[in-house]
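Subject: A structure for you to look at

Hi,

Here is the structure I promised to pass on. Could you open it alongside this email and follow along?

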Amino acid sequence: MPGGDVAIVGAGLVGLATAAALAARGANVTLITTHHPGEASRAAAGMLAPGMESGTGPATAFALAARDLYPSYIEALAEVTGTMVPLNREGVLELFADPEDAARRRSAPFSNGAEWLTTAQLRDLEPALAPVAGAVLYPLDGAVDNVELVRALHMMAESNPGIAMVDEAATGVELDGVRPAVRLSSGATVDAGIVVVAAGAWTPGLAGLPRSLPVEPVRGQMISLDAAPLRHVAYCGHGYVVPRDSARSVVGSTMEHAGFESHTTAEGLAQLSATAGSICPALAAARTLDRWSGLRPVTPDLLPILGPDPDMDALYYACGHSRNGILLGPLSGECVAALIAGEVPALDLSPFSVSRFSGSPVTV
Ligand SMILES: Cc1cc2nc3c(=O)[nH]c(=O)nc-3n(C[C@H](O)[C@H](O)[C@H](O)COP(=O)(O)OP(=O)(O)OC[C@H]3O[C@@H](n4cnc5c(N)ncnc54)[C@H](O)[C@@H]3O)c2cc1C
């Protein structure tokens, strides 16, 4: 982007992906970030599962394109950083324990290559799974190691001459001056032609935004176990198991409205252990390696908020990715960067405009 400069608040996956895509277009980016307990991008399970999200239309098209961007995205990142982020495209299995649920799903439409598996087919594919009434295979879905992905993007940002990292909390945005700015906790400001807010669940807390953003933290607890008996991501109504590498699986997750409390609870951890054993009995005996929780930045319709503010040309949103931000983050970053650079993005961002929410603008 000739001569442009952009300040981004938040270096989770979405802020990092946006910074990378802007720097690739020649922009000078200042990436302002600080750590908060419960940051979602490191806490997530890393599932890339648009097939299971019901629905059609632009949001589904965006999710499928986001999944299909992953192989080339990870290769390009490896060329810059030397780190090949693990990507599992074995497929995702949706399991139905209850025969009535299985029959209902079997009679519903199948799209994007999804296929019904009989119990015998499922046993051949994943012998370690507990018996179920039936399953759907989403063959193009999978999972990425989101911890490695965030680490690689950080490495890229730190070595990229177009990206300056500022390790400090932003307290707000100033949009009424000649040039927009981000105010920092030290009292200093970062001036920029464009400000992008990508601060995950914390985005609505930034002072000076021209409207209230309906983004809420929804806590998810996770555990990792020291066994990897499955090749596929296995998902059932109350949780999932994601094979992380040859020796570890991650198990998730709860959906809790607990404000910004990002600790784990005995009840949540017990629920996850039970989920693991019910999906795959071999995991009932596995040792718990780690436990953590994260805060999903959730919007009322579970879709992200992307693109410019309708009343403030210099302010862009890249937030509210809800429970699919690992899937969507790289494509969101590419499309928001394209818009800022004056290009036509690969996918239409208008379904994700902040204007879809009726929240009235507030006075700056
Ligand atoms: C338990 C769990 C499981 C999940 N599983 C999946 C999954 O399988 N697949 C999937 O696609 N998605 C999943 N998600 C959702 C996904 O993780 C999120 O949608 C995504 O990571 C959001 O990324 P983000 O960059 O917007 O937010 P975050 O990763 O939270 O990053 C925001 C960053 O901004 C920083 N920040 C905030 N405020 C300020 C400020 N004022 N100043 C400076 N910095 C600030 C924060 O410290 C943080 O570093 C899961 C989430 C959770 C919690």
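Below is what I found, going from the whole protein to one strand and then to one residue.

Please keep in mind that this is a predicted model.

**The whole protein**

The chain has 364 residues, for which a compact globule would have a radius of gyration near 21 Å; the value for this protein is 21 Å, so the two agree. Along the principal axes, the C-alpha trace spans about 65 × 45 × 40 Å. Of the residues, 53% count as buried. The exposed surface comes to about 15100 Å², with 54% of it supplied by carbon and sulfur atoms.

As for secondary structure, there are eight helices and 20 strands. Among contacts with a separation of 6 or more, 72% are between residues 24 or more positions apart.

**The eight-stranded sheet**

The part I spent time on is an open sheet of eight strands with mixed pairing, in the order 6-7-5-15-16-17-14-18. Its edges are strand 6 (115-117) and strand 18 (288-298), each of which pairs on one side only. On average, neighbouring strands of this sheet are turned by 25° against each other, direction ignored.

Two helices are worth finding here. Helix 7 (residues 266-279) lies across six of the strands, namely strand 5, strand 14 (216-225), strand 15, strand 16, strand 17 and strand 18, and runs at about 55° to strand 14. Helix 4 (residues 99-107) lies across strand 5 (92-96), strand 6 and strand 7 (134-138), at about 130° to strand 5.

**Strand 16 and its partners**

Now zoom in on strand 16 (residues 239-243). Why can this strand be called largely enclosed by the rest of the structure? Five of its five residues are buried, so the description fits. In a regular strand, side chains alternate between the two faces of the sheet. Here both faces are covered: G239, V241 and P243 are buried on one side, and Y240 and V242 are buried on the other.

Strand 16 has a partner on each hand in the sheet order:

- Strand 15 (residues 233-236) pairs with strand 16 in the antiparallel sense over three bridges. The two form a hairpin with two residues between them. Across this pairing, Y235 has Y240 as its bridge partner, and A234 stands opposite V241.
- Strand 17 (residues 249-252) also runs antiparallel to strand 16, joined to it by four bridges. The hairpin here goes through five residues. V241 stands opposite V251 in this pairing.

V241 is therefore a handy residue to click on: it is one of the buried residues of strand 16, with A234 opposite in strand 15 and V251 opposite in strand 17.

**A look at Y317**

The last stop is Y317, in strand 20 (residues 315-319). Is this tyrosine buried or exposed? Y317 is buried, with a relative accessible area of 0%.

Which residues does Y317 touch, leaving aside neighbours within four places in sequence? The contacts are V197, P210, R211, L213, I305, L306, G307, P308, D309, V336 and V354. With D309 there is also a polar contact of 2.5 Å between the side chains. Finally, the C-alpha atoms of Y317 and I8 are separated by 9.7 Å, although the two residues are 309 apart along the chain.

Happy browsing, and do write back with any questions.

Best wishes

Definitions and conventions. Residues are numbered from 1 along each chain as its sequence is written. This is a predicted model: local features need pLDDT of at least 70, side-chain atom pairs count only at pLDDT 80 or more; totals for chains, interfaces and linings use all residues. Side-chain values use heavy atoms; hydrogens and water are left out. Buried means under 20% relative accessible area, exposed over 50%, partly exposed in between (1.4 Å probe, protein chains only). Two strands pair if DSSP finds at least two bridges between them. Axes are lines fitted to C-alpha atoms, for helices over the stretch in contact, and angles run from 0 to 180 degrees between N-to-C directions. Contact means heavy atoms within 4.5 Å. The radius of gyration is taken over C-alpha atoms; the globule rule is 2.2 Å times the number of residues to the power 0.38. Accessible areas come from the Shrake-Rupley method with a 1.4 Å probe; for residues, only the protein chains shown count as cover. A polar contact is a pair of N or O atoms within 3.5 Å; within protein, one must be able to donate a hydrogen and the other to accept it, and residues adjacent in sequence count only if both atoms are side-chain atoms.
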